[in-house]
Amino acid sequence: MRLKMKMGILIALCVLFSNITHAQTLTNTIALQSDTIEVEAKFPGGAAGWASYLQHNLRAEVGAENLKVKRHHTVRQTVLVSFLVNKEGKISEVTVVNPKEVHPALAAEAMRVIKEGPDWSPATINSVPVIYRQMQSITFEVSAE
């Protein structure tokens, strides 16, 4: 009997910007309080643009290809990705924070989509662009009916 697989990607936009993002100064990497950030780094189109980009560019089939699921069950794995938005809005230092908790193929897909994204508007403090660390959780979900 064939199992019908239902797959999807949940993008957790509860990024908790104020708790897990921070800026870095030019001369060192001292984390600053989020309330000192005048303007946070922003994806073109804001949060809605970011969600749309992730939904249209993540390959949902990676979850179905790599997560084993029993009939009438659902399996979820959440990849936590950390990355920097530099002073020019370029993305760098893309890493998976929880590599031991997720399938390597899911981690690679989450990193790929973030690395290949467009430039962001940089964060600023006192109208001066600063380096900004961003965290994004991406949940892959596979269900078998």
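The following exercises, with worked solutions, concern confidence and aromatic packing in a predicted model.

**Exercise 1.** Determine where in the chain confidence is lowest and where it is highest.

*Solution.* Begin with the chain as a whole: its mean pLDDT is 80, and 74% of its residues reach 70 or more. Next, turn to the individual elements. Confidence is lowest in helix H1 (residues 17–20), with a mean of 33. The highest value, 98, belongs to strand S4 (residues 91–96). Finally, inspect the stretches of low confidence. Over residues 1–7 the pLDDT is below 50, and the model gives this stretch 20 contacts beyond near neighbours in sequence. Residues 10–33 likewise stay under 50, and for them the model has 54 contacts beyond four places in sequence.

**Exercise 2.** Classify the ring pair of Trp50 and Trp120, and locate both residues in the chain.

*Solution.* The structure holds 7 aromatic pairs. For Trp50 and Trp120, the ring centres are 5.0 Å apart and the planes stand at 65 degrees. An angle over 60 degrees counts as edge-to-face, so the pair is edge-to-face. As to location, Trp50 belongs to helix H2 (residues 46–57), whereas Trp120 is in the loop between helix H4 (104–115) and strand S5 (123–125). The pair thus links distant parts of the chain, 70 residues apart.

Burial is then judged against the cut-off of under 20% relative accessible area. Trp50, at 5%, counts as buried. Trp120 is buried as well, because its relative accessible area is 8%.

**Exercise 3.** Describe the geometry of the pair formed by Phe83 and Trp120, and state which parts of the chain the pair ties together.

*Solution.* The distance is 5.6 Å centre to centre, with 65 degrees between the planes; this pair is edge-to-face. Phe83 lies in strand S3 (residues 74–85) and Trp120 in the loop between H4 and S5, so the pair joins parts 37 residues apart in sequence. Both Phe83 and Trp120 are buried.

**Exercise 4.** Identify the members of the cluster linked by ring pairs, and place Phe43 in its surroundings.

*Solution.* The cluster consists of Phe43, Trp50, Tyr53, Phe83 and Trp120, linked by ring pairs. Consider Phe43, which is located in the loop between strand S2 (22–24) and H2. With a relative accessibility of 5%, Phe43 counts as buried. Leaving aside neighbours within four places in sequence, the contacts of Phe43 are Gly49, Trp50, Tyr53, Pro118 and Trp120. For Phe43 and Trp120, 77 residues apart along the chain, the C-alpha atoms are separated by 4.6 Å.

Methods: Residues numbered from 1 in each chain as written. Predicted model: local features only at pLDDT ≥ 70, side-chain atom pairs only at ≥ 80, totals over all residues. Heavy atoms only, no water. pLDDT = per-residue confidence, 0-100. Helix = DSSP H or I, 4+ residues; strand = E, 2+ residues; numbered from the N terminus. Contact = heavy atoms within 4.5 Å. Phe/Tyr/Trp six-rings, centres within 6.5 Å; stacked < 30°, edge-to-face > 60°. Buried < 20%, exposed > 50% of the residue type's maximum accessible area, 1.4 Å probe, protein only.
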